[in-house]
Amino acid sequence: MGSNWQGKLELKYAQRLGNTQVIQNQSQAPLRVQRAFYPEQKDICHSVILHTAGGIVGGDRLDLSIKLEEKSQALITSATAGKVYGSSGLEAQQTLNIHLQAGSCLEWLPQETIIFNDAVYRQKIHIELEQDALWLGWEIVRFGRSARGESFLSGSWRSHTEVWRAGYPLWSDRLWLQGDKGIIESPHGLGGCPVVGTFALVGQQVNRDLWQSICDLTSHYDGDFGVTRLIEGLICRYRGHSTSEVRDWFIAVWELLRLFYKERPVCVPRVWQI
Amino acid sequence: MEAAVLVRAYNAIDPINFEPDLETLKYWNNWFSASRETSELRASSWQMGTSLSKLLMDIAPLEFEQIFQHLYKNSYPVGVCNLAIAFGVAAAVWKIDKNILVAAYLQTWAANLVGAGVKLVPLGQTSGQRIIFKLNDQIQKTAIEALNLADEQLESCNWGLAIASMQHEQLYSRLFRS
């Protein structure tokens, strides 16, 4: 028990004269944030989160709190793929509280997470939006170290994401996968695929034409793809075998969304090494 | 998850004086809208729920008018009621036993799916009936689970359904929807 991490991270961004700056950055091991950088224009601040212990074990708790003040814009990613190791039963937890003030926009684009067999993991993301704030986030998960022939046959993975604005829920996504051969193979569950991905945009209406052009992107890939509109936004889901395939598709979707909402192309973080 | 929300709507009506807890009904109505996997599943829940609630207000305005007008006014977007909410409210107001209600709701869903199967795939009427009959135990089991879920346990693993429904939305002609 004593060797468990209780990591914390508090990040706050503000917009000053059109530039987005980090105005607060407090962290507790194993979480750390690299110095902010600006590979595109100065209005969008890029940050990279590091998990210095290499992975999460049962009993670990990570709490992240991110706030964007009015009209600030940030892109946050992670330095490496995340790992959640097998556990003897203790649950690992990660919670994220995100508050986006009026007119701000956060692009939350972490690299994929590998969930080892026997891992017990619970993630909760709560996002509070103010007027005209926009949330864009994805999550790519590989169940089991499939390259070694490992499947997610025992353990459990939970990922709950909720986006609220002024007391109304805009999107609630409660995913739960119990490590079990039946659900891994079932066409209703993973359908024999080790990789899933979800990409969401919440806070703005997505019109039919934009939805249609995103649907049209899927034709030349192998996995299962789906795109649907939310009450105010859009979600894309992937189920397949390849993290690079889902990432390619998500980047293509991100490009269309960026052109539509920010009128500029995407800027792929260098840490992704693609 | 839908049956568990049905239970929450049912429980929001006081069993003794039938006073509705409007805040709770509003919460679950909006939460359910936000948690639908796809826009077509959301639209079908809204369409059936809004039709049912209008019918209920028509049949028994004294019992239902206040409840559904409140839900319409406080829903996002304005003017919608989900099927599980309208169904749960009706059953509570009309004193239908909760255990029977949940099993019946699940049975209706199963019968609907099998009915669609009979029309779409090579599946005979009697084979369809046999499938529904065989689901009996599973429905009873699922009903008990749905009755006992905590809020935190409203979660699921249904990538298959979600992606199939998303792909269905892109079809030129869609079945069972005029």
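This tour goes from the interface of chain A and chain B to the cores, and ends at one serine. The model is predicted.

**Stop 1: the interface**

Colour chain A and chain B separately. Then select the residues where they touch: 38 in chain A are in contact with 33 in chain B. The two chains bury about 2900 Å² between them. Of that area, 58% is on carbon and sulfur atoms. Now show A:Tyr168, A:Arg174 and A:Ile231 as sticks. In chain A, these three lose the most area to chain B, together 23% of what that side buries.

**Stop 2: charged and polar links**

Stay at the interface. Three salt bridges are counted between chain A and chain B. To view one of them, select A:Arg122 and B:Glu152. Their closest N and O atoms are 3.2 Å apart. Polar contacts also cross here: 18 residue pairs, with both residues at pLDDT 80 or more.

Next, switch to a cartoon of chain A. Which elements give two or more residues to the side that touches chain B? Among the strands are strand 11 (120-129), strand 13 (156-165) and strand 14 (168-178). Strand 16 (224-230) and strand 17 (233-240) belong to the list too, as does helix 2 (208-215). Pick strand 14 of chain A: the largest share, nine residues, comes from there. Colour this side of chain A by residue type, and it divides into 21 nonpolar, six polar and 11 charged residues.

**Stop 3: the cores**

Move to the largest nonpolar core, which has 48 residues. Select A:Ile66, A:Leu106, A:Trp135 and A:Trp157, the residues with the most contacts inside this core. In soluble globular proteins, nonpolar side chains tend to be buried together.

Centre on A:Ile66. Leaving aside neighbours within four places in sequence, its contacts include A:Leu11, A:Tyr13, A:Ile76, A:Leu96 and A:Trp108. A:Leu106 is in contact with A:Ile66 as well. So are A:Asn97, A:Ile98 and A:His99.

A second, separate core has 42 residues. To find this core, select B:Val7, B:Ala84, B:Ile85 and B:Ala91, which are among its members.

**Stop 4: B:Ser33**

Finish in helix 2 of chain B (residues 22-35), where B:Ser33 lies. Is B:Ser33 buried or exposed? B:Ser33 counts as buried, because its relative accessibility is 1% and the cut-off is under 20%.

Add B:Asn82 to the view. The side chains of B:Ser33 and B:Asn82 make a polar contact at 3.0 Å. Beyond neighbours within four places in sequence, B:Ser33 is also in contact with B:Arg42, B:Trp46 and, from chain A, A:Ile231. A:Ile231 appeared at the first stop, among the residues of chain A that lose the most area to chain B.

Definitions and conventions:
Residues numbered from 1 in each chain as written. Chains lettered and ligands numbered in written order. Predicted model: local features only at pLDDT ≥ 70, side-chain atom pairs only at ≥ 80, totals over all residues. Heavy atoms only, no water. Contact = heavy atoms within 4.5 Å. Buried area = accessible area lost by both parts, 1.4 Å probe. Salt bridge = Lys/Arg side-chain N within 4 Å of Asp/Glu carboxyl O. Polar contact = N/O pair within 3.5 Å; in protein donor to acceptor, adjacent residues only side chain to side chain. Helix = DSSP H or I, 4+ residues; strand = E, 2+ residues; numbered from the N terminus. Nonpolar A, V, L, I, M, F, W, Y, C, P; charged D, E, K, R; others polar. Core = buried A, V, L, I, M, F, W, Y, C linked by side-chain atoms within 4.5 Å. Buried < 20%, exposed > 50% of the residue type's maximum accessible area, 1.4 Å probe, protein only.
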